[in-house]
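Me: I've got a model open and I'd like to get to know it through a few questions. Can you walk me through it?

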Amino acid sequence: MTMQHQPAARAAVMSDVARLAGVSHQTVSRVLNNHPSVRQETRERVLRAVHQLNYRPNALARGLAARRSKVIGVISFDTILYGPAATLLGIERAARAAGYGINIVTLERLDRSGVAAAIDALSEQSVAGVVLIAPMVSAAVAVHGLPTGVPAVLVEPGVDGELPSVSVDQVAGARLAVEHLLALGHETVVHIAGPRDWLEARDRLEGWRLALETAGRRVPPVITGDWSPRAGYEIGKSLGERRDVSAVFCANDHQALGLLRALHQRRVRVPEDVSVVGFDDIPEAEYFTPPLTTVRQDFDEVGRRCVAALLDLLNGSVGDARPSPVEPTLVVRASSGGRPS
C-alpha cells in the first residue's frame with residue numbers, strides 16, 4: 001500500500017490568535033509581553049486562543065521586547081529624494097527629543113526579503129522598535145515581511161493593515177494646489193504626475209482629479225513623469241508650445257524646476273502666460289525664477305507622530321492605528337497668477 005503524505009499544517013501566527021480571540025494584533029502583542037494595561041478578561045481570552053492554536057511567539061519579537069534599548073530602528077530605501085529624506089530627518093529629530101537614538105537601514109528595494117533582512121540587522125542592535133518609511137506600492141507587500149510582535153509604525157499613505165501608520169494628506173494637498181489655480185480664474189489645470197508605483201503620486205493625482213470634478217471643470221489627460229527636473233523640462237518643451245495650457249500642477253518641486261526652465265526657453269512667461277504650482281516646498285523653492293507656489297508638508301510633525309505612536313506601542317497604550325493625516329499647507333509665491341486675457 002502506498003501511503004499518501006499529508007501536507008504539514010501551517011504554524012499559527014499572531015493574526016490567527018487575534019482573530020480567534022476577537023482582539024487586535026497589538027493587544028495580542030501586549031498580552032504576550034505581559035503589559036499591565038490589558039484587562040484580565042481580555043488577557044485570559046488571548047491566552048486561551050494561544051493554547052488552542054498552539055501558537056509559538058516569534059523568537060525575534062521576544063528578543064526585541066526583552067532587550068529593549070533606547071534606539072529606534074528606521075528602515076528606508078536608498079534615495080536622495082527630498083520627501084523621504086526629510087521624513088527621515090523629522091523622525092531623527094523627534095527621536096532625539098524623546099531621548100532615543102536611531103539606527104538606519106537603507107534598502108535598494110522595499111521588498112519582503114529586504115525588510116526581513118533589515119529586521120535581522122536591527123535585532124542585532126536590540127532596537128526598541130521599528131519605523132518603516134514606505135513610499136512605494138511595493139511596501140504593501142513588504143510590511144508583511146515584518147515578524148509578528150515587533151513594535152512597528154509605518155510612514156506613508158495607502159497601505160491597509162494592522163500596523164499603526166502616519167502620513168501627510170496628499171489628496172488634500174493636491175486639492176489645495178488645484179483650487180488655488182481655479183480661484184485665480186483658470187478654466188482647468190494640467191497635471192504632471194509622479195511615477196505610477198509611488199503612493200504619493202497616486203494620491204496627488206487623485207486630489208487633482210477630485211478638485212477639477214468637484215468644480216465641474218474639464219479633466220485633461222494626465223502626463224506622467226518621474227520626480228526629476230529633467231522630466232519637468234522634457235514635458236515642458238511640449239507644453240510650452242500649447243496655447244490651451246494656462247495652469248500646471250506638478251507632482252513635486254523638482255518637476256516644476258525643469259518646467260520653469262523649459263517655459264523660459266520658449267519665452268513663455270510665468271505666471272503671465274502659464275501659472276505653475278509644485279509640491280513639497282523644498283528649501284530652494286523660494287529661490288526659483290519666479291519663486292514657486294507650492295504645497296508644504298510638515299515633516300517634523302510626521303516625525304513626532306511616528307515616534308509618539310511607536311512609544312505608545314512600547315508602553316502598551318491603545319491608540320488609533322489610522323489617525324488623522326498631517327494636514328499640508330499652500331505656500332503662495334510669484335509663480336501663480338490670474339488667467340491670461
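Reply: Sure, and keep in mind that this is a predicted model. Let's start with a sheet: four strands make an open one, with parallel pairing. Going across, the order is E7-E6-E8-E9.

Me: Which are the edge strands?

Reply: Look for strands that pair on one side only. Two strands fit that description, and they cover 223-224 and 275-277. They are E7 and E9.

Me: What is the bridge partner of Phe 249 in E9?

Reply: Strand E8 spans residues 247-250, and E8 pairs with E9 in the parallel sense over three bridges. In E9, the partner of Phe 249 is Val 277.

Me: Which helix packs on the sheet, touching E8 and E9?

Reply: Find the helix at residues 170-183. Its direction makes about 170° with that of E8. That's H8.

Me: And which strands does H9 lie across?

Reply: H9 runs at about 170° to one of them, the strand at 190-193. The two strands are E6 and E8.

Me: Now for the empty spaces. Which helix gives the most to the lining of the second largest cavity?

Reply: The whole structure has three cavities of 30 Å³ or more, and the second largest has a volume of about 100 Å³. Helices H5 (82-97) and H9 (199-214) each supply at least two lining residues. With three residues, the top contributor is H5.

Me: How many charged residues are in that lining?

Reply: The lining residues include Arg 204, Trp 227 and His 254. By class, five are nonpolar and three are polar. The number of charged ones is three.

Note on methods: Residues are numbered from 1 along each chain as its sequence is written. This is a predicted model: local features need pLDDT of at least 70, side-chain atom pairs count only at pLDDT 80 or more; totals for chains, interfaces and linings use all residues. Side-chain values use heavy atoms; hydrogens and water are left out. On a 1 Å grid over the protein atoms alone, a cavity is a set of points where a 1.4 Å probe fits but cannot get out, and a pocket is an open set with protein on both sides within 12 Å along at least five of seven lines; lining residues have an atom within 4 Å of a point. Grid points are joined across faces, edges and corners, and a volume is the space filled by probe spheres set on the points. Ala, Val, Leu, Ile, Met, Phe, Trp, Tyr, Cys and Pro count as nonpolar, Asp, Glu, Lys and Arg as charged, and the others, Gly among them, as polar. Two strands pair if DSSP finds at least two bridges between them. Contact means heavy atoms within 4.5 Å. Axes are lines fitted to C-alpha atoms, for helices over the stretch in contact, and angles run from 0 to 180 degrees between N-to-C directions.
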